Amino acid sequence: MPPFQSNTNILSLTEDLLVRIYEILVSESDRKSFRLACREFLRIDSLTRKHLRILRIEFLPVLLHKYPRLQSLDLSACPRIEDGVVSLLLSQVGPASNSLRFGNWTRGLKSLVLSRATGLRFSGLEMLARACPCLESVDVSYCCGFGDREAAALSFAVGLRELNMDKCLGLTDVGLAKIAVGCLKLEKLSLKWCMEITDLGVDLLCKKCVDLKYLDVSYLKVTNESLHSIASLLKLEVLGLMACPLIDDVGLQFIERGCPLLKAIDVSRCQGLSSSGLMFVVRGHGNLLELNAGYCLSELSTALLHQIKNLKHLEVVRIDGARIPESSFQVISANCKSLVEIGVSKCVGVTNMGLMRLVSGCINLRVLNLTCCHSITDAAVSAIANSCRNLVCLKLESCNMITEKGLCQLGSFCLLLEEIDLTDCCGVNDKGLEYLSRCSELSCLKLGLCTNVSDKGLSYISSNCKKIHELDLYRCTGIGDDGLDALSSGCKELKKLNLSYCNEVSDRGLGYIGRLEELCDLEMRALNKITGVGLESVAAGCKRLADLDLKHCEKVDDLGFWALAYYSRNLRQINLSYCAISDMALCLVMGNLTRLQEAKLVHLCNVTVEGFELALRACCVRIKKVKLLATLRFMLSAEILETLHARGCIIRWD
C-alpha cells in the first residue's frame with residue numbers, strides 16, 4: 001500500500017482556516033511571530049486585527065492604513081496627539097480613492113482610548129466624534145486640558161455607551177450637561193476626581209441618561225442631594241462613592257428605596273457613614289453581589305452583620321480597617337456561602353480561630369486579603385489552604401508569624417494560586433519558597449523585606465513558576481547575581497521586577513536581566529555595585545522597558561545613560577535622582593526618549609542649571625510631569641517654566 005501523501009505547504013490552507021488559526025493565538029508575541037512568518041500571514045493579520053495600541057505616534061498613519069477593520073484603538077501611550085494630527089489622519093487618501101476623505105479606520109471603530117492625551121482639544125474631539133459613527137466607548141481620563149468645550153465636542157458621539165472622564169479637572173456641570181443631553185444612550189460613566197461637578201450636574205445626568213448601569217462619582221464633593229437623584233436610576237447596577245466626604249447615612253436612605261437592580265456599591269473611605277447607613281443599603285437590596293466598605297467603619301456592628309447575613313448571593317465584601325468581633329466570622333461563614341472575595345486588611349480582631357470558622361463555610365473563596373493581620377499564624381494559613389482549594393489571590397503582607405509550614409500547606413493544596421503577597425513576612429525562607437514553587441500558576445509574587453530568602457529560594461521559584469510576570473524583591477538582601485541568572489532562564493514572561501536595595505546585585509546580574517525581553521517595569525534603587533556596563537545590558541536587551549527607577553545608583557556613568565537614550569525608546573517614566581549623570585547625557589536622554597512622560601531629576605550633582613534648561617527644552621513638547629529640586633525654581637528661565645506650564649506639564653518642586 002503506497003504511503004499517505006500529504007500537502008505540507010501551510011499556504012495551501014484557505015483564508016478562513018488561517019483566520020481561525022490566528023484567532024487561537026492569545027499572546028501578542030505569538031501573533032507577532034505569525035505575521036512575520038510570510039506575506040500571506042501578514043495579510044491575514046491586517047484583515048483580522050480588531051484591536052490596536054499605538055506606542056509611537058510617528059507610526060500611527062501607516063498602521064491605521066494597514067489595519068482598516070479596527071474596532072478598538074488605544075492612543076494612551078501617545079500624549080503628543082493633538083488636533084492637527086487628528087485632522088491629518090481623517091483626511092488621508094483612502095486605499096481605493098485619490099480624493100481626500102475619512103480614512104477607512106473610522107468606519108467600524110467602537111472603542112477609543114485617549115487617556116492622558118493632553119494636547120487634544122475640542123476641535124480634534126469633535127472631528128473624531130463625527131467621523132466615527134459606531135463609537136460606543138471613549139476614555140479621556142487624566143486629560144488635564146479636557147473641559148466643558150471638549151465635553152460639548154464629545155457629545156456629538158450620540159451612540160456613546162461608555163465614557164471615562166476620570167480626573168478631567170476642567171469639567172464642570174456645564175460640560176456634564178452637554179454629555180447628558182447629547183449622549184442619551186450612556187450606560188457606563190466614570191467621573192472620579194472631577195472636582196467641579198456638583199449636585200446640579202449629577203441631577204441633570206440622572207434625568208437624561210436613564211439607562212445608566214454604572215456610575216462612579218468617587219472623590220466628588222457631592223451631597224445627599226446627588227444620592228437622591230441617583231436613586232431614580234432604575235437600571236443602575238454599580239455605584240462608586242469612594243471618599244465622598246459630604247455624604248452621610250441620610251443619603252444612603254435614598255439608595256435603600258431606589259436603584260432596584262443595584263448589585264455593587266463602593267462606599268470605602270466615606271468618613272461620614274456608619275453601620276446604620278450601610279444597613280439601609282443592605283436592607284433595600286437583597287440581591288447585592290459586592291459591598292465595599294473599606295476604611296469606612298470603625299466597627300462591624302451586630303445589627304449590620306445581621307443584615308449582611310441575609311445577602312445570600314453576596315460574592316465580595318471588603319471591610320478593611322474595622323474592628324471585627326470574632327463571632328462575626330462564624331455568622332458570615334454560615335450564611336454567605338457564595339463569597340469569593342473577602343477583604344479584612346488592617347482589621348482588629350482577626351484571629352486564627354476566626355479565620356478557621358470563616359473558611360470552613362466559605363470554601364469558594366478565590367481572593368483573601370489579610371494584610372497587617374499580625375496575630376495570624378501558620379494554623380490559619382493551613383486552614384485556608386485545606387478549605388479554599390480554588391484560591392487565586394492571598395495577601396499576607398506583614399503577617400510576621402507565617403513560616404515555611406504555612407507555605408507548605410499552600411503549595412500542597414492551593415495549586416491554582418496566581419498571586420501571593422508575603423511582603424515583610426520575616427519567617428519566609430528558601431524552604432518556604434520551595435514549597436510555594438509547587439503553585440505553578442503563580443504570576444505575581446511579592447517578597448519585599450523577606451531578608452531570609454536567597455538565590456537558592458529564587459531558583460526554586462524560577463524552575464517551576466514559569467508564568468510569573470511580577471516579582472517584588474525589595475530589600476531582599478540575600479538575592480544576588482546567581483538568583484537573577486536562574487530567574488532570567490526560567491521566568492521569560494516577567495514584566496515587572498523590583499530589585500531595589502538588593503545590594504549583592506552587580507553588572508553580571510544586570511546582564512542576566514537583559515535576557516528578559518518582556519520586562520517593562522524595573523526598579524533598582526541603590527544598587528551600589530552596578531555601573532554603566534550593567535545598565536547598557538538592560539537597555540539593549542529589554543526593549544519593552546517603560547518604567548525605570550535608578551535612584552541612588554551612583555556608580556552608573558554616562559556610558560549607561562547613552563545606551564538608555566539609544567535603546568530604550570519605549571520609556572515613559574524614569575527616576576534619575578541622585579545619579580551621576582552629566583549635562584550632555586541628561587540632554588540626550590530627555591531628547592531621545594520620545595515617549596517619556598514623567599521624570600524625577602532631583603539632586604543631580606553633575607548637572608548644571610544650563611544642563612537642566614537644555615534637557616527640559618528637549619522634552620517640553622511631550623513631558624507631562626517632572627520633579628526638580630526646589631532651588632531650581634529661581635534659576636531656570638521664566639520662558640522654559642512658562643512653556644512647560646502651557647504644555648500641561650506639572651512641576652513638583654522637592
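This report walks through the overall fold, the empty spaces and a few loop residues of a predicted model.

**The chain as a whole**

Let us start with the overall dimensions. The chain has 654 residues and a radius of gyration of 27 Å; a compact globule with this number of residues would come out near 26 Å, so the two agree. Measured out along the principal axes, the C-alpha trace spans about 90 × 70 × 60 Å. The secondary structure is mixed, with 26 helices and 24 strands.

How much of the chain is buried? Buried residues account for 52% of the 654. Among contacts with a separation of 6 or more, 73% join residues that are 24 or more positions apart. The accessible surface comes to about 27600 Å², and carbon and sulfur atoms hold 53% of that area.

**Pockets and cavities**

Now to the empty space. Rolling a probe the size of a water molecule over the atoms shows where such space is left. In this model, the search of the whole structure turns up six cavities of 30 Å³ or more. The table sets the largest cavity beside the two largest pockets.

| Space | Volume | Lining by class |
|---|---|---|
| Largest pocket | about 1500 Å³ | nine nonpolar, six polar, 21 charged |
| Second largest pocket | about 510 Å³ | five nonpolar, five polar, eight charged |
| Largest cavity | about 70 Å³ | five nonpolar, one polar, five charged |

The largest pocket has a volume of about 1500 Å³. Its lining is made of 36 residues, and those closest to the centre are Glu28, Lys32, Arg35, Leu55 and Arg544. Four elements each give two or more residues to this lining: the helices α1 (15–24), α2 (28–37) and α4 (60–66), together with the strand β1 (51–53). Which of them gives the largest share of the lining? That is α2, with five residues. By class, 21 of the lining residues are charged.

The second largest pocket is lined by 18 residues. Nearest its centre lie Arg116, Tyr142, Gln597, Lys624 and Lys625. Eight residues of this lining are charged, with five nonpolar and five polar ones beside them.

The largest cavity holds about 70 Å³ of space. Its lining draws on several parts of the sequence: Leu55, Arg56, Ile57 and Glu58; Ala77, Cys78, Pro79 and Arg80; Thr594 and Arg595; and finally Arg622. Leu55 is thus a lining residue of this cavity, and Leu55 is also among the residues closest to the centre of the largest pocket.

**A helix and its cover**

Helix α23 covers residues 558–567, and its buried residues are Asp558, Gly560, Phe561, Ala563, Leu564 and Ala565. What lies over them? The cover of these buried residues includes the helices α22 (532–541) and α24 (583–592), as well as the strands β20 (547–549) and β21 (573–575). As background, an α-helix has 3.6 residues a turn, so residues three or four places apart point the same way.

**Two loop residues with positive phi**

Most residues other than glycine have a negative phi. Two loop residues here are worth a look against that background. Tyr295 has a positive phi near 55 degrees and sits in the loop between β10 (290–292) and α13 (302–308). Ser398 also has a positive phi, of about 65 degrees, and is found in the loop between β14 (393–395) and α17 (404–413).

Are these residues buried or partly exposed? Tyr295 counts as partly exposed because its relative accessibility is 26%, whereas Ser398 is buried because its relative accessible area is 9%.

**Two more loop positions**

Lys185 belongs to the loop between α8 (173–182) and β6 (188–190). With 44% relative accessibility, Lys185 is partly exposed. Leaving out residues up to four places away in sequence, Lys185 touches Val158, Gly159, Leu160 and Arg161. Val210 is 25 residues from Lys185 in sequence, and their C-alpha atoms are 8.2 Å apart.

Cys144 lies in the loop between β4 (137–139) and α7 (148–154). Cys144 is partly exposed too, at 41% relative accessible area. With residues up to four places away again left out, Cys144 touches Thr118 and Gly648. Cys144 and Asn292 are 148 residues apart in sequence, and 29 Å separates their C-alpha atoms.

Methods:
Residues are numbered from 1 along each chain as its sequence is written. This is a predicted model: local features need pLDDT of at least 70, side-chain atom pairs count only at pLDDT 80 or more; totals for chains, interfaces and linings use all residues. Side-chain values use heavy atoms; hydrogens and water are left out. On a 1 Å grid over the protein atoms alone, a cavity is a set of points where a 1.4 Å probe fits but cannot get out, and a pocket is an open set with protein on both sides within 12 Å along at least five of seven lines; lining residues have an atom within 4 Å of a point. Grid points are joined across faces, edges and corners, and a volume is the space filled by probe spheres set on the points. Ala, Val, Leu, Ile, Met, Phe, Trp, Tyr, Cys and Pro count as nonpolar, Asp, Glu, Lys and Arg as charged, and the others, Gly among them, as polar. The radius of gyration is taken over C-alpha atoms; the globule rule is 2.2 Å times the number of residues to the power 0.38. Buried means under 20% relative accessible area, exposed over 50%, partly exposed in between (1.4 Å probe, protein chains only). Contact means heavy atoms within 4.5 Å. Accessible areas come from the Shrake-Rupley method with a 1.4 Å probe; for residues, only the protein chains shown count as cover.
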